[in-house]
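The following exercises are to be worked through with the sequence and the model in view. Each task is followed by a solution in steps.

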Amino acid sequence: MRWLFLLPWGLFLLGLLPLATAEPLGQVERGLGLLLAALLLAAAGSLYSRFPVAFSVQFFLVLGLGLLTFQLALESTLAFAGLGGSGYTALGGILGALALGLAFFLGTGREAPLLPALEAVGSREDLLRLAGALEGLALRRPLVLVYLSTSAPPERFQAELRRGDLAFRLAGGYLLVLQGSRPEDAAGLVRRLKERFPLSVCAVERWQGGSLEGVLARLEAETLLQS
């Protein structure tokens, strides 16, 4: 959701709201330090709104960082105004920790959400950018990787993929990442693609963790042997 990056900044401003009526008579240096920390946390939360994970994980991750931002911003306001502690600061911290814990719970385990589908066939740079997320997902649930050598255009190729499958165009063809699939499913997909496109070579591997570059090198080597 495009609005998600605004959530930490909204909670940041909410924490500063008491400054509208309070006089800055308290601990200015401490207040500035807390304000800077809140700014950095809000910026981090805003950046994580573009993190390539399922929306539920993304939402609770950003919400947790936003609530911690609110806690620091409110503590900064109280320090500026020379006021005592507030129950809202503790509440923001507790809710923020719970939201981050929920994001961790949703993003791990055997039922971890799949990565969101790309809008189009990705490039090698897109693949490398998602390497960390793919390696983490492969540790939690096996992924089926299919390396195909074909000259089919990306637009037609994308139309043949199932929902949730990822495709990346490499120098010698395409790499397909089949999320939540079995090798038998990959065989059916390859048969369907062979009927529609000229495929010179094909390599399939069930990936259960490890370096993406390593498994990609094995697939490329297998296709070279076939050719």
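**Exercise 1. A residue ahead of a strand**

Does Asp165 count as buried or exposed, and at what relative accessibility? The model is predicted, and the solution should be read accordingly.

*Solution.*
Step 1. Locate the residue: Asp165 lies in the loop between helix H7 (154-159) and E2.
Step 2. Apply the cut-off: buried means under 20% relative accessible area.
Step 3. Compare the value: Asp165 has 5% relative accessibility and therefore counts as buried.
Step 4. List the contacts: leaving out residues up to four places away in sequence, Asp165 touches Val177, Leu178 and Gln179.

**Exercise 2. Overall layout of the chain**

Determine how many helices and strands the chain has, and in which pattern they follow one another.

*Solution.*
Step 1. Count the elements: the chain has 9 helices and 4 strands.
Step 2. Read along the sequence: the pattern is α-α-α-α-α-α-β-α-β-β-α-β-α.
Step 3. Consider burial: of the 227 residues in the chain, 43% are buried.
Step 4. Consider the contacts: among those with a separation of 6 or more, 75% are between residues 24 or more positions apart.
Step 5. Consider the surface: the chain has an accessible surface of about 12200 Å², and carbon and sulfur atoms account for 62% of this area.

**Exercise 3. The environment of E1 and E3**

Explain why E1 is described as largely enclosed by the rest of the structure, and establish how E1 is joined to E3.

*Solution.*
Step 1. Examine E1: 8 of its 8 residues are buried, so E1 is largely enclosed by the rest of the structure.
Step 2. Separate the two faces: Leu143, Leu145, Tyr147 and Ser149 are buried on one side, while Val144, Val146, Leu148 and Thr150 are buried on the other.
Step 3. Identify the pairing: E1 and E3 run antiparallel and are joined by 6 bridges.
Step 4. Name partners: Leu145 has Val177 in E3 as its bridge partner, and Val146 has Leu176 in E3.
Step 5. Examine E3 likewise: 7 of the 7 residues of E3 are buried, so E3 is also largely enclosed by the rest of the structure.

**Exercise 4. The hairpin and its loop**

State how E2 is connected to E3, and describe the surroundings of Gly172.

*Solution.*
Step 1. Trace the connection: a hairpin joins E2 to E3 through 2 residues.
Step 2. Characterise the pairing: 5 bridges join these antiparallel strands, E2 and E3. Ala167 stands opposite Leu176 in E3.
Step 3. Place the glycine: Gly172 is in the loop between E2 and E3.
Step 4. Assess accessibility: Gly172 has a relative accessible area of 38% and is therefore partly exposed.
Step 5. List its contacts: residues up to four places away in sequence being excluded, Gly172 touches Tyr147, Leu148, Ser149 and Thr150. The C-alpha atoms of Gly172 and Thr150 are separated by 7.7 Å, although the two residues are 22 residues apart along the chain.

**Exercise 5. The nonpolar cores**

Identify which residues of the largest nonpolar core touch the most other members, and which elements give two or more residues to this core.

*Solution.*
Step 1. Recall the general tendency: in soluble globular proteins, nonpolar side chains tend to be buried together.
Step 2. Find the central members: this core has 20 residues, of which Leu127, Leu134, Leu175 and Trp207 touch the most other members.
Step 3. Name the contributing elements: helix H6 (131-140), strand E1 (143-150), strand E2 (166-170), strand E3 (173-179), strand E4 (199-207) and helix H9 (212-226) each give two or more residues to the core.
Step 4. Follow one member: beyond residues up to four places away in sequence, Leu127 touches Leu134, Phe168, Leu170, Leu175, Leu212 and Leu216.
Step 5. Note the second core: a separate set of 17 residues includes Val121, Ala152, Tyr174 and Leu193.

**Exercise 6. A surface patch and a buried serine**

Determine which residues form the nonpolar patch on the surface, and whether Ser76 counts as buried or exposed.

*Solution.*
Step 1. List the patch: Trp3, Phe5, Leu6, Trp9, Leu36, Leu39, Leu40 and Phe55 together have about 750 Å² of accessible area.
Step 2. Assign its main source: helix H2 (residues 28-48) provides the largest share, 3 residues.
Step 3. Examine one member: Phe5 lies in the segment before helix H1 (7-16). With a relative accessible area of 35%, Phe5 is partly exposed.
Step 4. Turn to the serine: Ser76 lies in helix H3 (residues 55-81) and, at 0% relative accessibility, counts as buried.
Step 5. List its contacts: neighbours within four places in sequence aside, Ser76 is in contact with Gly31, Leu34 and Leu35.

Definitions and conventions
Residues are numbered from 1 along each chain as its sequence is written. This is a predicted model: local features need pLDDT of at least 70, side-chain atom pairs count only at pLDDT 80 or more; totals for chains, interfaces and linings use all residues. Side-chain values use heavy atoms; hydrogens and water are left out. Patches are made of residues with over 30% relative accessible area and no salt bridge: like charges are joined within 9 Å, nonpolar side chains (Val, Leu, Ile, Met, Phe, Trp, Tyr) within 5 Å. Accessible areas come from the Shrake-Rupley method with a 1.4 Å probe; for residues, only the protein chains shown count as cover. A salt bridge is a side-chain nitrogen of Lys or Arg within 4 Å of a carboxyl oxygen of Asp or Glu. Buried means under 20% relative accessible area, exposed over 50%, partly exposed in between (1.4 Å probe, protein chains only). A nonpolar core is a set of buried Ala, Val, Leu, Ile, Met, Phe, Trp, Tyr and Cys residues joined through side-chain atoms within 4.5 Å. Contact means heavy atoms within 4.5 Å. Two strands pair if DSSP finds at least two bridges between them.
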